[in-house]
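Me: I have a model open on my screen and would like to understand the words people use for it. Could you take my questions one by one?

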Amino acid sequence: MELVIASNNKNKIREIKAILGASIEQIYSLFDLGIHCDPEETAEDFLGNALIKARAIARFTEKAVIADDSGLMVDCLDGAPGVHSARYAGENATDAENNALLLKNMEGLSPRTAKYVATMVLLYPDGMYKVGTGDVRGEIITEARGAGGFGYDPYFYSYDLKKTFGEATAEEKNAVSHRANALHDLLKKI
Ligand code: IMP
């Protein structure tokens with residue numbers, strides 16, 4: 001199978017390619033195909049947003065499209081930032097701004113337990129699709145540790161790895177991550 005990853009996020013593309021590598025013949029990113037498309041994520045859940053991204057890209061290609069929507073859900077914030085993780089501190093917020101707001105909003109609250117969640121959609125050219133979901137659990141620490149990964153990773157202490165995703169190598173993160181779990185769940189269904 002040939003497929004296109006419907007994301008402009010280079011970190012995500014790298015992770016998805018690394019995880020899928022062996023099982024898919026040819027994986028293209030939007031950059032590889034020169035597709036410029038960044039649809040607005042207007043749905044209120046992860047599946048809705050993943051489908052928005054997949055369907056937007058499907059208009060440009062005959063190949064199957066894989067899209068994910070993911071986010072961080074913090075228990076003491078009732079699941080926030082959730083679907084709003086990328087733009088928690090505003091429309092074009094940087095990772096540093098999102099992290100700063102997260103820590104501020106969590107001040108004095110407990111428990112600091114959290115999970116990353118991912119929904120992965122594979123959309124076939126005929127419009128049918130399959131869905132995989134995954135999560136990974138941990139907690140939000142108050143001081144950044146490590147500079148690896150992206151987004152909230154330096155503050156996400158993984159219970160599986162016993163260190164933050166910021167301190168983990170790409171291989172370590174990919175072995176336990178929400179995106180890896182969602183991809184493996186999806187692969188079981190195709
Ligand atoms: P999406 O591109 O709309 O799926 O936004 C996902 C957002 O959730 C990212 O911009 C990050 O803020 C956060 N996020 C999702 N997965 C990860 C991860 O693996 N590490 C760090 N942050 C993540």
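Me: Which residue is the bridge partner of Ser70 in E4?

Reply: Happy to help, and please keep in mind that this is a predicted model. Ser70 has Ala118 as its bridge partner in E4.

Me: What makes E3 and E4 a pair?

Reply: Two strands pair if there are at least two bridges between them. E3 and E4 have ten bridges, in the antiparallel sense, so they meet that cut-off. E4 also pairs with E5 in the antiparallel sense, over eleven bridges; there, Lys115 has Arg137 as its bridge partner in E5.

Me: How do you know that E1 and E3 pair, and in which sense do they run?

Reply: Three bridges join strand E1 (residues 2–5) to E3, and the two run parallel. At least two bridges are needed, so E1 and E3 count as paired. Val4 stands opposite Val65 in E3.

Me: Why are E2 and E7 called edge strands?

Reply: The open sheet has seven strands in the order E2-E1-E3-E4-E5-E6-E7, with mixed pairing. Strand E2 (26–29) and strand E7 (163–164) each pair on one side only, and that earns them the name.

Me: Why is Asp185 called buried?

Reply: Its relative accessible area is 15%. Buried means under 20%, so Asp185 qualifies. Asp185 is found in helix H6 (residues 178–188), and H6 lies across E3, E4 and E5.

Me: What makes the approach of the Asp185 side chain to the backbone nitrogen of Thr133 a polar contact?

Reply: The side chain of Asp185 reaches that nitrogen at 2.8 Å. The cut-off for such a pair of N or O atoms is within 3.5 Å, so the distance fits. Leaving out residues up to four places away in sequence, Asp185 touches Val131, Gly132 and Thr133.

Me: What makes E4 mostly covered?

Reply: Nine of its eleven residues are buried. Each of those nine has under 20% relative accessible area, because that is what buried means.

Me: Which residues touch the most other members of the largest nonpolar core?

Reply: Leu72, Val74, Leu102, Ile140 and Phe156 do, out of 19 residues in that core. Helix H4 (95–106) is one of the elements that give two or more residues to this core, and H4 provides the largest share, three residues. Val74 touches several residues, including Leu102, Met106 and Ile140. A second, separate core has 17 residues, among them Ile19, Ala64, Leu122 and Ala182.

Note on methods:
Residues are numbered from 1 along each chain as its sequence is written. This is a predicted model: local features need pLDDT of at least 70, side-chain atom pairs count only at pLDDT 80 or more; totals for chains, interfaces and linings use all residues. Side-chain values use heavy atoms; hydrogens and water are left out. Helices (H or I, at least four residues) and strands (E, at least two) are DSSP runs, numbered from the N terminus. Buried means under 20% relative accessible area, exposed over 50%, partly exposed in between (1.4 Å probe, protein chains only). A polar contact is a pair of N or O atoms within 3.5 Å; within protein, one must be able to donate a hydrogen and the other to accept it, and residues adjacent in sequence count only if both atoms are side-chain atoms. Contact means heavy atoms within 4.5 Å. A nonpolar core is a set of buried Ala, Val, Leu, Ile, Met, Phe, Trp, Tyr and Cys residues joined through side-chain atoms within 4.5 Å. Axes are lines fitted to C-alpha atoms, for helices over the stretch in contact, and angles run from 0 to 180 degrees between N-to-C directions.
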